[in-house]
Structures are given as structure tokens and as C-alpha cells.
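Let's take a walk through this structure together. Have the viewer ready, and pause wherever you would like to check a residue for yourself.

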Amino acid sequence: MSATVAETFGLSRTFGAKTAVDKVDLTIQKGTVYGLLGPNGSGKTTAMRMLTGLLRPSGGHAVVLGTRLPGNPEPLKRRIGYMTQGFTHYRDLTVTENLHFVADIHDFSRSEKRQRINELLEIYDLDAQANMLAGAMSGGQRQRLALAATVLHGPELLFLDEPTSAVDPETRRNFWEQLFDLVEAGTTIIVSTHLMDEAERCHRIAILDHGQKRADGTPHDLMEQVAGRVFEVSGTNLRPISRTLANGADILSVSQIGARLRVLVSKTAENPQAAVEVALRGISDTISQPTRPNLEDVFVLATRNPVR
Amino acid sequence: MISLRHILAIVRKELLQLRRDRLTFGMIVMIPLIQLVLFGYAINTEVRHIPAAVVDQSNTGVSRALIQMVEATQVVRFEQRYITIEEAERAIVRADVRAALIIPADVSQRLVRNPAISGRFSPGGQDPTARPVAQWIADGSDTLVAGAIRSLRGMPLGELFREATNTPVPTFEVSLFYNPEQRTVVNIVPGLVGIILTMTMIMFTAAAIVRETERGNIEMLITTPIRPVELMIGKIIPFVGIGLIQVFIILGLGWALFSVTIAGSVWTLLVVTLLFILASLSLGLVISTFAKNQLQAMQMTVFILLPSILLSGFMFPYEGMPEGAQAIADLLPVTHFMRIIRGVVLRDAGIGDIVPDAVWLLGFSLLGLAVASLRFKKRLD
């Protein structure tokens, strides 16, 4: 479990004047699901494309499965799988035609090919759609096909770019079950996401914002680090209270969750509880109490830090 | 190392996609079919029945006979009669007629003095009093129309007096090989093979690769172990077959509808056509590496297509163009193919007769394939 499969050292990428990825260091251990969590445009896809050899880094370097990048990524392409953000297999081919194509490209023999495709159709529950055009399938089915095609050649390292952004929670849950089956078989998975529930399932995550790494660790550790700085405020007439709180010193963020306000306090505040009390002074009938932080709190706190 | 398995995988995929793309499939057959029928019947450099007017200032039996004789040549058809020359000129401006015949009042005297009639050739030259019997004014902006009217200048007039037409001994004897009846379509049919292949081969291949980029498939392809040259070869093989189908349609219909037979060897024809298809396909591949979407690919194809039609010798003789234009035309594969295919189909040229152009096409294909493979990067930056 301790072998490193991918590591980046000050990995950077600029597009003209814009810096998409800014000196990012990551260490990904074998047999884990590593999440890249960040808002749209935070550099997740660019980072992934550099790790798969599709983009040359402008600065720094990466070592993926022992291959140094920038370098020759071609041999690497037989050992990794990359599932792109949109569906990039052929919509005008059927499920089996798409899988046959990928198997041919990966030099499967005729018998290996047939066996592997039957296996995949069963694992990813595509038997019924085997002769259906990919373009005519539902989003969830199409996504299972994309995963089947990506893992067909048994990659050691799997890159998934926002794999479940476009599917319903039920499909998402099944998808993650399949990912953990792959991990059990020894695959390492790097997944990018902007969904908290997805990030929470990862063994480790790195939070990216404006191309910079803001935090990394296990979701549990990251949540522990912000313990004591998350409060719930309940009361009547929450909207004006929300606006008052947002202007309070050391208050980083206020968001309404149903009948309560969730308040995040900056780590510069020596006594977070007091900071909330001060901000609430003069407003009657409010109760504030510390609450268990979740990953969204971690995310908000990490990305609220001023840009370096 | 090029993997046959990879190439076959691409070919199979292309054929599957093509089978489901009914419109493209239909175009493959309909483009050559419709264009051959259209051009075969429409393009005719032998101009006949030009609408013309007549201004008969003489209005005698002689002038009327003259008008009938001119019309009997079928070069012009008199549609209007005007009293004055000014009216005839205005009719030409309005394009009601393209030419007008003005018969002067003294046409009879002029006829008598005309050496074609009198046979009086003075030893030192023409009768100094002889003058043309009538005058044509014509819209000279179209050189083909002008040429047709000019051809009437030396029209024999003997018949006018029921005399045997005096045919002076020609300076040269002319034997027209390969197209003795001078039918334009004989030259058009083989030429059309070059034009239609240029259009479909370049456009289809360019679009085929650009489509992969547009739909994002390329992102998936470049993360696989496939090599650019395998992708390029796999992409063009199906179109080689399509090109041959189109050639078969054009030459088959050319034979059935217009009786244009293939004089040369079918095998030579096959070899040179394959060479030209390859050259056009590799040009399409090069375009595909520049174009960002299918519309751009289409525009670039048209950019190649227009000079291919106008400069290749399809419409106008290559030899008539200034050297600069010939140099540009020589850059187009279709110019070389035009020479070859007319040679093989019409003049029974063998492989030995067409070597330079065939070698040029082969070189162009290899260069194009190399450029396209080099330009196609397996990276996104």
C-alpha cells in the first residue's frame, strides 16, 4: 500500500499569460483513490492531462509509473487509462463495436478480445445494450461504457475526469462501487471532481484552486483540522442575521442550510465561538453552537485563503 | 513499426460509421452521377443557335436568301428583325440577341464583285472593288460566341446562285485523331473523373479527421497506443474504395450515355487512378491537420477545388495559360491526373507514356502523408 505510483514536483502549466496549474506537488500511493477537488477552472483537467502525457508541463516534472514527464509518454499509454470528461467514444458505434475498437488498438488477440468484452459487458451491466448505439443510450449507460472501454486493457493507473458530474446519485453510487472493485484488484485511481460527496469517498484528496494546491490529506484529517471553527446559528428571520454575520470580523462564510445558518470562522480568530457571539451581538433569539465540520467546510475554508 | 491490426481497427470503424451515415453514403453515388449527366449535356464549347438579329436594309430576294443560308449553318438563329442599326445595338446591350447581321442596301452589287462568287481572281490579288457583302456586329465579351460568329466570315456563297461551291485548295490537310466528331463530352468525361475525385476525396478525408476533433474522439484516441501514421492510413483506405466506385460510375455512365469508350488498358487506368486518389486523400489529411472544424475543412477544400476546375486543363487548355499560371496548376495533383487520364482513356497511352506525371503523383502522396503524420501530434498543446 505504500508504493508511490505517481508524484509531481512543482508541476506547472501556463496557457499564454494564464497559469492553469501552479507549482503543484502531489504524491499518489498505489491502490488508493486520489481525488482532485476543485471548482471549475481550478486546473484539475490540466493537471490530469499533464499526468497522462497529453500536455507538456511548462515547469516542474512528474513521475508516473516510473516514467518521467516531460519525456516520452507513449509506453505509458499502455499502462494507464484516461476517461475524459465528456463521452469521447463513438456515438455512432454500438457498445460492442466501441469495445472491439479499443481492444484492437490495445492489440488483443481475437480470443482474448471476445473473452474480455464479454467479461466487461457483464461487470458493467451492459449485456442488454450490447448492440445499442452509444449515442442512443442514457447518460448512466454511456458512462459505464466509457469506464469499460477505459479499463479494458487493465491499466495500473486510472484517470477519471469528473466521471459522475452528469449522472444521478443512484448511478453515481453504483459507479463508485465499481471503482472500489477496481482498487481491490490493485488499480490506482486519480479522480477529479467538484462534488463533495464524491470527494468524501476518496482515500486522499488534494484541494485545488486557481491552479494551486490549497490542502491535501485524507478527508477525515482535513475535516479534523477545521474542527471547532464551524458553527450553526438558528433563530427567526435568518436572512438579515445572515447579512449581519457575513460582515462580522473573522467570519469567513455564512450559508443558509434550511432553518439554520452555517458559519465558518477564520483560523486567525483565537476564540472562534467568541467571534460568532460578537458578530451576533444585538440580535435577539439566536442560538449558536459548534457543529461537526463536513468536507464542504474544508473546501470553503481552503479556497477562501487569499491567493498567494 | 506500423501495426496492421491498428490500421484495420480504424478501417473497420470508418466503414461502420460510413454505413450509418446515409447522407454521405448517398453523396458518394449521387455526386458523380448527377454531375456527369449535368456537365455531359450542358458543357459544350461548340456554340450553336446563338440568338441573333438581322437588319435588312436591302430587303431583296438576294438578302432573304442570304439570311436563310446563314441560318442553315445553325451557328445563329435569327430571332429579331430591326429597321435600324441602333435598334440592333440596343438589343445586344439588353442581351436580347448576342449578334446582329447588317445587310446593306447594295448587297446585290457587293455579291457580284465578291471573288467567292465571280471567281475572278486577279493575278496580283483581289479585285480592288470587292467588299464584304454584309457586316456582323457581335457581343465580343464572350470569346466563344465571338469565335463562332467569326467562323462565318469565310462562309461559301456559291449556293446563292445555284453554282457549285467553289472550295479553294486548303493550305493544310487536318486529321483529327481520337475525337473526329469533335464532341466536347469526349474531353469532359475523363476530366470529370479528376474533378469529382478532387472534390469528394479531399472533402471526405478532411472532414473525417476534423470530425474526430469536433466530437472529442481525438482526446480518447491520443490516450491509446495508436500511432499517427496508423490513424492516417486507416482513415484513407476506405476512401480509396469509395474513389474507385466513383470512377466506375463516371466512366460507366460516360460509356452508356455519351459513348465515351476507354481506349487504353483498364489496368493502367486503375494504377493511375489509385495514385491520384492517394494524392487527393493525402492532401485532405494535410487540410485536416490545419482545420479546426468541418466548416473550415470545407472552405479549404473549395479553395483547392476552384483552381482545380479552372487551371487543371479541365475547362481550358493548360497550354493556353501563361507560365505563372501553369506553375501554379502544376502544384495541383489534378493537373497531372488530367493529362494522364485523358491520355489513357482517349489516346491509349501506356504506363511508359505517363511516367513523369505518375511519379509526381506518387511523390505528392508520400509527402502529404508524411506532413499530415508529422503535424498530427499526440498531444493537446
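The paragraphs below go from the overall picture of one chain to its sheet, then to some backbone details and the contact with the second chain.

A word on the coordinates before we begin: this is a predicted model. For chain A, the mean pLDDT is 90, and 98% of the residues score at least 70. Which elements of chain A sit at the two ends of the confidence range? Helix H9 (residues 272-280) of chain A has the lowest mean pLDDT among the elements, at 84, while helix H2 (residues 95-105) of chain A has the highest, at 96. As a general caution, predicted coordinates should not be read in detail where pLDDT is low.

Now zoom out to chain A as a whole. Its secondary structure comes to 10 helices and 14 strands, and its C-alpha atoms fill a box of roughly 75 × 45 × 40 Å along the principal axes. Of the 308 residues in chain A, 46% are buried. The contact pattern reaches far along the sequence: if you take the contacts in chain A between residues at least 6 apart, 68% of them join residues at least 24 apart.

A good place to settle in is an open sheet of 6 strands in chain A. Reading across it, the order is S6-S7-S8-S3-S9-S10, and the pairing is mixed. The edges are strand S6 (80-83) and strand S10 (212-217) of chain A, each of which pairs on one side only. Neighbouring strands of this sheet are turned by 15° against each other on average, with direction ignored.

Let's look at strand S3 (residues 33-37) of chain A and its two partners in this sheet. Toward strand S8 (residues 188-193) of chain A, S3(A) runs parallel and is joined by 5 bridges. You can pick out individual bridge partners here: A:Leu36 is matched with A:Ser192, and A:Leu37 with A:Thr193. S3(A) also pairs in the parallel sense with strand S9 (residues 204-209) of chain A, this time over 4 bridges. In S9(A), A:Arg204 is the bridge partner of A:Tyr34.

Is S3(A) enclosed or open to the outside? All the evidence needed is in its burial: 5 of the 5 residues of S3(A) are buried, so the strand is largely enclosed by the rest of the structure. In a regular strand, side chains alternate between the two faces of the sheet. Here, A:Val33, A:Gly35 and A:Leu37 point one way from S3(A), A:Tyr34 and A:Leu36 point the other way, and all are buried.

Helices lie across this sheet too. Helix H5 (residues 169-184) of chain A lies across S3, S7 and S8 of chain A, and runs at about 150° to S8(A). Helix H4 (residues 139-151) of chain A lies across S6 and strand S7 (157-161) of chain A, running at about 160° to S6(A).

Next come some backbone details in the loops. Most residues other than glycine have a negative phi, and most peptide bonds are trans. Against that background, the peptide bond from A:Leu69 to A:Pro70 is cis, with omega near 0°. You will find A:Pro70 in the loop between strand S5 (67-69) and S6 of chain A.

Two aspartates are also worth a visit. A:Asp125 has a positive phi of about 55° although it is not a glycine, and it lies in the loop between helix H3 (110-123) and H4 of chain A. Because A:Asp125 has 14 C-beta neighbours inside 10 Å, it counts as partly exposed. A:Asp250, not a glycine either, has a positive phi of about 65°. Its place is the loop between helix H8 (238-246) and strand S12 (251-257) of chain A. With 19 C-beta neighbours inside 10 Å, A:Asp250 counts as partly exposed, since a buried residue needs 20 or more.

Finally, turn to chain B. The domain assignment gives it domain 1 (4-43 + 190-375) and domain 2 (50-161), and the C-alpha centres of these two domains of chain B lie 49 Å apart. How many residues of chain B are in contact with chain A? There are 19, and they meet 22 residues of chain A. On the chain B side, helix H1 (4-20) and helix H9 (217-221) of chain B are the elements that give two or more residues. H1(B) gives the most, with 7 residues. By class, this side of chain B has 7 nonpolar, 6 polar and 6 charged residues.

Key:
Residues are numbered from 1 along each chain as its sequence is written. Chains are lettered from A and ligands numbered from 1 in the order in which they are written. This is a predicted model: local features need pLDDT of at least 70, side-chain atom pairs count only at pLDDT 80 or more; totals for chains, interfaces and linings use all residues. Two strands pair if DSSP finds at least two bridges between them. Axes are lines fitted to C-alpha atoms, for helices over the stretch in contact, and angles run from 0 to 180 degrees between N-to-C directions. Two residues are in contact if their C-beta atoms, placed from the backbone, lie within 7 Å. Ala, Val, Leu, Ile, Met, Phe, Trp, Tyr, Cys and Pro count as nonpolar, Asp, Glu, Lys and Arg as charged, and the others, Gly among them, as polar. A residue is buried if 20 or more other C-beta atoms lie within 10 Å of its own, exposed if 12 or fewer, and partly exposed in between; C-beta atoms are placed from the backbone. pLDDT is the predictor's confidence in each residue, from 0 to 100. Domain bounds come from an automatic or database domain assignment.
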